[in-house]
Amino acid sequence: MQINKNIAISDSGFIFNPSSGDSFSTNNVGLEIIRLLKENKSKDEIITEIVTKFSTDASTLDKDLGDFFLMLRSYQLLSDND
Amino acid sequence: MSKLSYERPFIQKLNTGSMNKFGTKTEFAPVTHLDGVAVSRLIEQYGSPCFVISERQIRKNAQNAIRAFKTRYPKIQFAWSYKTNYLSAVCNIFHQEGSLAEVVSIFEYKKALQNGVEGSKIIFNGPDKSEADLTLAIDNNSLIHIDHFDELYSLVGIMEGSSKKARVAIRVNMDTGIYPMWDRFGFNYENGQAWNAIIKILAHKELELVGLHCHIGTFMLSTSAYATAAYKLCDLAANIKVKYGHAIQYLDLGGGFASTNTLKGSYLQGADVVPSIDDYAEAITSTILNANFHQDELPTIILESGRSLIDDAAWLIGSVVATKRLSDGRRATIMDFGVNILFNAFWYDYKISPAQEFTHHTEDMVIYGPLCMNIDCIRENINLPLLNKGDQVVVHKVGAYNMTQWMQFIQMRPKIVLIDMEGKTHILRENESLETMMELERMPEHLKSVK
Ligand SMILES: Cc1ncc(COP(=O)(O)O)c(C=O)c1O
């Protein structure tokens, strides 16, 4: 699992992909996950970090991450060549 | 350290330059209270889903409609269209506001009597009245609106040799410039059928022709159609006066005024395109005032408005069952209410609001009901916050036809609750249960065992 390293992220959740010219908006949790992905964190590590920081539990997050990764892949921000 | 509040992660592509394809404003402003009562409390107390009716809004609508007509014309009478919402408590609010009962079946007729409405204050419309029904209506001195010649001849037969008089009107259908034309009910104006019916009635002294009725359609967006309808009824009344010296007591313009819901496929929101009740009133009253009735013989205008008086006085509250992603990437939200109880979702794009606060992030989604059936779609496209299982929502303006046309299909029907003028809540109808469902079923002896 590999996030596109070239993407630019702003604090307000604005994301720009220079290679495609596409821009995106995300929310707080989404932004945090993308940051962790950029640091090459695994899914389990991401879950641990998010659950410590936000008021949610691992199973809810696990379900939501599945959907979020699906969207990142469909936007070609995430690839599977790990 | 306290944790940050969690919202499910969300990402959306920004399409610069292209307009929001849904045209107008999004619908995500939360609605947490209905007439001052918390949605969460209503759901806790009465269950999810649940219909909630506002007595305050019903009275406001009824009074506003009377004002719109009475300020323009001296003799106005509203009649509550039972089929629109015949919960007895709802009917009685309209009756307390001065409405007659407008019914279209013997079931509705008997319900009106049971509600305490005097027989003479019931308008009996509809194509299906048996001889027994007609006899009852005659005995009660009700207003019988004749729909076809078979009914007219039945009445003549029943009245033969009777010392009583039956108070009757005919329903007239006509071309008002609206397509499709509703010509299956009543007698046609243009081809002379209505006039023939009138002559037949006037030839029978046991029948007293008191009124002329029409109902030109429903959710009519054109006020000029009402002007045309009123003009044609006035024309019939004038001819009756000239040729028979008989004065018609009332012209009943039926219902059909639009509510502020948004019709499916409409580009603009309902509230931006529908005429106001004052617009309809102006078209109807100015036509009749210009029709040269003698001052002493000005007919009463009867109105049978349904949806425009009740749609915005009820909400459906419910909860998210699940959210999922469809194969084409769209989000789907499954609610605990579907087309089984929200029948009019087939014609309306109902406004839906979340009942709790969210961040400003929203997403496009499809809203499905809980039925295991493909038809069960409440909104094909709506922009809402990031809903999760258990979140509560409010569907707006559901007062007309849903609580009468709903079906017991797969799921049982929920409670209906009224919020009164003081903000107190009352159950108007209990939810169905397995017991209530089984009450009407019968089991042959040899099928009692599953073995
Ligand atoms: C005879 C008659 N009157 C009144 C109404 C009420 O119509 P609406 O709800 O469109 O005002 C109807 C509904 O179809 C009707 O058939």
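A polar contact here is a pair of N or O atoms within 3.5 Å. Keep that cut-off in mind as we walk through this predicted model, starting at the ligand.

An N or O atom in the side chain of T218(B) sits 2.4 Å from an oxygen atom of the ligand. The backbone joins in too: a polar backbone atom of G306(B) is 2.8 Å from a ligand oxygen atom. Then there's H215(B), with a polar side-chain atom 3.3 Å from an oxygen atom of the ligand. Step back a little and you'll find 16 residues around the ligand, of which T218(B), G256(B), E304(B), G306(B) and Y401(B) come nearest.

Now follow the chain to F219(B), which lies in the loop between strand 11 (207–213) and helix 8 of chain B. Check its backbone while you're there: phi of F219(B) is near 55°, a positive value in a residue that isn't glycine.

That loop leads us to helix 8 of chain B, residues 224–244, and its packing against helix 10 of chain B, residues 277–289. Their axes are 8 Å apart, at an angle of about 25°, which makes the two helices roughly parallel. The crossing of helix 8 and helix 10 of chain B is right-handed. What does each helix bring to the contact? From helix 8 of chain B come Y226(B), A227(B), A230(B), Y231(B) and C234(B), and they meet Y280(B), A283(B), I284(B), T287(B) and I288(B) in helix 10 of chain B. Sort those residues by class and you get nine nonpolar, one polar and no charged.

Helix 10 of chain B has another partner to look at, helix 2 of chain B (residues 55–70). Here the axes are 9 Å apart and the angle is about 35°, and once again we're looking at a right-handed crossing. On the helix 2 side of chain B the contact residues are N64(B), A65(B), R67(B), A68(B) and F69(B); on the helix 10 side they are I277(B), D278(B), Y280(B), A281(B), I284(B) and T285(B). This contact of helix 2 with helix 10 of chain B splits into seven nonpolar, two polar and two charged residues. Y280(B) and I284(B) are worth a click, since they turn up in the contact with helix 8 of chain B and in the one with helix 2 of chain B.

One more backbone detail in chain B: the peptide bond from S48(B) to P49(B) is cis, with omega near -5°. You'll find P49(B) in the loop between helix 1 (39–46) and strand 4 (50–54) of chain B.

Finally, over to chain A. Helix 1 (residues 28–38) and helix 2 (residues 43–53) of chain A cross at roughly 145°, their axes coming within 10 Å. Helix 1 of chain A passes helix 2 of chain A in a right-handed crossing. V29(A), E32(A), I33(A), L36(A) and L37(A) in helix 1 of chain A meet I46(A), E49(A), I50(A) and K53(A) in helix 2 of chain A. By class, that contact holds six nonpolar, no polar and three charged residues.

Key: Residues numbered from 1 in each chain as written. Chains lettered and ligands numbered in written order. Predicted model: local features only at pLDDT ≥ 70, side-chain atom pairs only at ≥ 80, totals over all residues. Heavy atoms only, no water. Axes fitted to C-alpha atoms, helices over the stretch in contact; angles between N-to-C directions. Helix = DSSP H or I, 4+ residues; strand = E, 2+ residues; numbered from the N terminus. Parallel < 35°, antiparallel > 145°, perpendicular 65-115°, else oblique. Left-handed = near helix turned anticlockwise from the far one by under 90°. Contact = heavy atoms within 4.5 Å. Nonpolar A, V, L, I, M, F, W, Y, C, P; charged D, E, K, R; others polar. Near = heavy atom within 4 Å. Polar contact = N/O pair within 3.5 Å; in protein donor to acceptor, adjacent residues only side chain to side chain.
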